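Let's take a walk through this model together, beginning with its strands and ending with its charged side chains.

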Amino acid sequence: MIDDTTTNIRFLNDAFRQTLDGGPVLVTQGIRALDPAVQCEVIRPVRQFDAFGPDNDPHGEHDFGAFTVEGQSIFWKIDYYDPSMQGGSENPADPAVTRRVLTILLADEY
């Protein structure tokens, strides 16, 4: 069952991931080591990702996804921090107390 808190988190995560606006977007060394053309092809699937299901989204928050580009398995994930980035957010449904961070990484870096 998805409650209002989960719905708010999902909405905020989708907006952040689709626009890349509202927090830092990090790419790992593995992504940076890919050919520049492949690196460019990684962003679009993250922004357009909609293949959420029980295996990759058990809590309904749309905070994780996986896909393949040019034979490379890619993961993305969203983490929730307090505004100072010193610890986890106490309430990821409240943007006033949450800073989202999107990380894009090779699956084998997870």
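A good place to start in this predicted model is where β1 meets strand β4 (residues 99-106): the two run parallel and are joined by three bridges. Within that pairing, V27 sits opposite I104 of β4.

Stepping back, these strands belong to an open sheet of four, ordered β1-β4-β3-β2, in which the pairing is mixed. The edges are held by β1 (25-27) and β2 (64-69); each has a single partner strand, so one side of each is left without a neighbour in the sheet. On average, neighbouring strands are turned by 20° against each other, direction ignored. Across β2, β3 (72-81) and β4 lies helix α3 (residues 36-48), running at about 140° to β2.

Now follow the chain into the loop between α3 and β2, where you will find E61. E61 is buried yet has no salt bridge, and the nearest side chain of opposite charge, R100, is 7.2 Å away. Among the residues that E61 touches are T6, I9 and Y80.

Salt bridges do occur elsewhere, and the structure holds three. In one, the side chains of R17 and D14 meet at 2.8 Å, N to O; both residues are buried. They are three residues apart in helix α1 (residues 4-19), so about one helical turn separates them. Helix α3 has a salt bridge between R44 and E41, with the closest N and O atoms 2.4 Å apart, and this pair too is three residues apart, about one turn of the helix. R44 counts as partly exposed at 43% relative accessibility, and E41 is partly exposed at 34%. Finally, K77 and D79 meet in a salt bridge of 2.5 Å, N to O.

Definitions and conventions
Residues are numbered from 1 along each chain as its sequence is written. This is a predicted model: local features need pLDDT of at least 70, side-chain atom pairs count only at pLDDT 80 or more; totals for chains, interfaces and linings use all residues. Side-chain values use heavy atoms; hydrogens and water are left out. Two strands pair if DSSP finds at least two bridges between them. Axes are lines fitted to C-alpha atoms, for helices over the stretch in contact, and angles run from 0 to 180 degrees between N-to-C directions. Contact means heavy atoms within 4.5 Å. Buried means under 20% relative accessible area, exposed over 50%, partly exposed in between (1.4 Å probe, protein chains only). Lys and Arg count as positive and Asp and Glu as negative; His and the chain ends are not counted. A salt bridge is a side-chain nitrogen of Lys or Arg within 4 Å of a carboxyl oxygen of Asp or Glu. Lists of a residue's contacts leave out its neighbours within four places in sequence.
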